[in-house]
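Let's take a walk through this fold together, starting from the inside and working outwards. Keep the sequence and the 3D view side by side as you read.

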Amino acid sequence: MAVHPSIARSLDRGPLPGYELRCFNTKKRPDMNITQYLLGKFRTLRGMTIVHVGAHLAEEGERYQKYGARRVVWIEADPGIFEKLLERLDQLREKPRGLWARITGAPPTEHIAINALVGEEEGADAKLNVYD
């Protein structure tokens, strides 16, 4: 599977030194999200790069910033929602960092938005079915 150039550039920069990139699957515990998981283990998002597939309107964005995520790559397939996502990310960039992020010295969160859809064949058109 090919990786979108924007994602590749973001991931090439990697997380901050001393931090690792992890994949979190909350399907086993649908009531838990990444923030609850890490705080339950007395860890934060500080320095982490989060790849959020199915971004919608970045509802988790404030939480990611509040707990010091270094970078969030938002991937949204729907072009209509993507435009609203960009507006929402502009609002997030203007918000002050959370107390936890300031206390831990986490740098401001970088938000990267990508309008992409994965299909069966590289370079081929893919159909996006939108449901209400």
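A nonpolar core, as the term is used here, is a set of buried Ala, Val, Leu, Ile, Met, Phe, Trp, Tyr and Cys residues joined through side-chain atoms within 4.5 Å. Buried, in turn, means under 20% relative accessible area. Bear in mind that you're looking at a predicted model.

With that in hand, look for the largest nonpolar core, which has 14 residues. Leu 45, Tyr 64, Trp 74 and Leu 85 are the ones with the most contacts inside this core. Two elements, strand S2 (71–76) and helix H4 (79–94), each supply at least two of the core residues. H4 gives the most, with four residues. As a general background, nonpolar side chains tend to be buried together in soluble globular proteins.

Leu 85 is a good place to click. Leaving aside residues up to four places away in sequence, Leu 85 touches Ala 55, His 56, Leu 57, Ala 58, Trp 74, Glu 76 and Ala 113. Two of those names, Trp 74 and Glu 76, will come back when we get to S2.

Now zoom out to the whole chain. The protein has five helices and three strands, and from the N terminus on they run α-α-β-α-β-α-α-β. Of its 132 residues, 32% count as buried. The exposed surface of the protein comes to about 9000 Å², and carbon and sulfur atoms supply 52% of that. If you take contacts between residues at least 6 apart in sequence, 62% of them join residues at least 24 apart.

Next, the sheet. The three strands make an open sheet in the order S1-S2-S3, with parallel pairing. Strand S1 (49–53) and strand S3 (110–115) are the edge strands, each pairing on one side only. On average, and ignoring direction, neighbouring strands are turned by 15° against each other.

How do you get from S1 to S2? The two pair in the parallel sense over five bridges, with Val 51 standing opposite Val 73 in S2. Between them the chain passes through helix H3 (residues 61–66), and this β-α-β crossover is right-handed.

On the S3 side, S2 and S3 pair in the parallel sense over six bridges. Here Trp 74 stands opposite Ala 113 in S3, while Glu 76 has Asn 115 as its bridge partner in S3. H4 lies across both S2 and S3, running at about 170° to S3. Leu 85, which we met earlier, touches both Trp 74 and Ala 113.

So how many of the residues of S2 are buried? Six of six, and the strand is mostly covered. Arg 71, Val 73 and Ile 75 point one way from S2, whereas Val 72, Trp 74 and Glu 76 point the other way, and all are buried.

Let's finish on one residue of this strand. Is Ile 75 buried or exposed? Ile 75 counts as buried because its relative accessibility is 12%, and the cut-off for buried is under 20%. You can also check a distance in your viewer: the C-alpha atoms of Ile 75 and Ile 112 are separated by 8.5 Å, although the two residues are 37 residues apart along the chain.

Technical notes: Residues are numbered from 1 along each chain as its sequence is written. This is a predicted model: local features need pLDDT of at least 70, side-chain atom pairs count only at pLDDT 80 or more; totals for chains, interfaces and linings use all residues. Side-chain values use heavy atoms; hydrogens and water are left out. Buried means under 20% relative accessible area, exposed over 50%, partly exposed in between (1.4 Å probe, protein chains only). Contact means heavy atoms within 4.5 Å. Two strands pair if DSSP finds at least two bridges between them. Axes are lines fitted to C-alpha atoms, for helices over the stretch in contact, and angles run from 0 to 180 degrees between N-to-C directions. Accessible areas come from the Shrake-Rupley method with a 1.4 Å probe; for residues, only the protein chains shown count as cover. A crossover is right-handed if, with the strands pointing away from the viewer, the path from the first strand over the helix to the second runs clockwise.
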